[in-house]
Amino acid sequence: MKIALIAHDGKKADMVHFLGGFREALQRADVELVATGTTGSHIEKSGFEVQRLLSGPLGGDAQIAAMAAEKQLSAVIFFRDPLDKHPHEPDVQMLMRICDVHNIPLATNPASAELMFKALTQTYGT
């Protein structure tokens, strides 16, 4: 199972904290993590193994969308900052559309991500 992780700058600490709560479950479920560049570096520093792609504004969001379109992802977790402007918003919208088109589960906040992770790790981690 491969899960993509993205977090806007104001949400990167939230992503690291969120993942910390699922460390053991992710290991048991043998989950492969992939992330945009800067998010991935924060995740790595917290002790997780993660495949790092380009930074979101430099094409990382598009790389993850391509993976979703090719059915390489089980889920996408994207902690968005809805109160800030983002120069790569068209890429964000494209990623969300691709997830909808290809029926890839997408969580955009910790509450929905928690429900998704609990279901995924319970299903695949037993």
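## A tour of the model, from a loop to the cores

Asn103 lies in the loop between α5 (89-101) and β5 (106-107). Select this residue to begin. The structure is a predicted model. The phi of Asn103 is positive, about 60°, although Asn103 is not a glycine. Most residues other than glycine have a negative phi. Is Asn103 buried or exposed? Its relative accessibility is 69%, so Asn103 counts as exposed.

Now select Lys71, which sits in the loop between α4 (60-69) and β4 (75-79). Lys71 is not a glycine, and its phi is positive, near 60°. Lys71 counts as exposed because its relative accessibility is 53%.

**The sheet**

Next, show the strands. In what order do the five strands lie in the open sheet? The order is β3-β2-β1-β4-β5, and the pairing is parallel. β3 and β5 are the edge strands, each pairing on one side only.

Go through the sheet pair by pair, with β1 (residues 2-7) and β2 (residues 32-35) to begin. These parallel strands are joined by four bridges. To find one place where they face each other, select Lys2, which stands opposite Glu32 in β2.

From β2, move to β3 (residues 51-52). Two bridges join β2 to β3, and the two run parallel. Here Ala35 stands opposite Arg52 in β3. Trace the chain between these two strands: it leaves β2, passes through helix α3 (residues 37-45) and reaches β3, a β-α-β crossover that is right-handed.

Return to β1 and look at its pairing with β4. Five bridges join β1 to β4, and these strands run parallel. Select Ile6 and Phe78: Ile6 stands opposite Phe78 in β4. From β4 the chain crosses through α5 to β5, and this β-α-β crossover is also right-handed.

β4 and β5 are themselves joined by two bridges and run parallel. Two places to select are Val76, whose bridge partner in β5 is Leu106, and Ile77, which stands opposite Ala107 in β5.

**Helix α1 on the sheet**

Select helix α1 (residues 12-20), which packs on the sheet and touches β1 and β4. The direction of α1 makes about 145° with that of β1. Which residues of α1 are buried? They are Lys12, Met15, Phe18 and Leu19. Look down the axis of α1: its buried residues fall within an arc of 120°, so they line one face of the helix. Ala13 and His17, on the other side of α1, are exposed.

**Inside β1 and β4**

Now select Ala4 in strand β1. Ala4 counts as buried because its relative accessibility is 0%. Apart from neighbours within four places in sequence, what does Ala4 contact? Its contacts are Val34, Ile64, Leu73, Ala75, Val76 and Ile77. For a distance to check in the viewer, pick the C-alpha atoms of Ala4 and Leu83: they are 22 Å apart in space, while the residues are 79 apart in sequence.

Three of those contacts, Ala75, Val76 and Ile77, lead to β4. Five of the five residues of β4 are buried. Turn the strand to view both faces: Ala75, Ile77 and Phe79 are buried on one side, and Val76 and Phe78 are buried on the other.

**The two cores**

Finish with the nonpolar cores. How many residues does the largest one have? It has 24, and those with the most contacts inside it are Ile3, Leu5, Met15, Leu19, Ile43, Ile77 and Phe117. At least two residues of this core come from each of β1, α1, α2 (23-28), β2, β4 and α6 (110-124). α6 gives the most to this core, with four residues.

Select Phe117 and display its surroundings. Leaving aside neighbours within four places in sequence, Phe117 is in contact with Ile3, Phe18, Leu19, Phe22, Leu26, Ile77 and Gln122. Then select Val34, Leu53, Ala68 and Val76, which are among the residues of a second, separate core of 17 residues.

Definitions and conventions: Residues are numbered from 1 along each chain as its sequence is written. This is a predicted model: local features need pLDDT of at least 70, side-chain atom pairs count only at pLDDT 80 or more; totals for chains, interfaces and linings use all residues. Side-chain values use heavy atoms; hydrogens and water are left out. Two strands pair if DSSP finds at least two bridges between them. A crossover is right-handed if, with the strands pointing away from the viewer, the path from the first strand over the helix to the second runs clockwise. Buried means under 20% relative accessible area, exposed over 50%, partly exposed in between (1.4 Å probe, protein chains only). Contact means heavy atoms within 4.5 Å. Axes are lines fitted to C-alpha atoms, for helices over the stretch in contact, and angles run from 0 to 180 degrees between N-to-C directions. The arc is that of the directions from the helix axis to the C-beta atoms. A nonpolar core is a set of buried Ala, Val, Leu, Ile, Met, Phe, Trp, Tyr and Cys residues joined through side-chain atoms within 4.5 Å.
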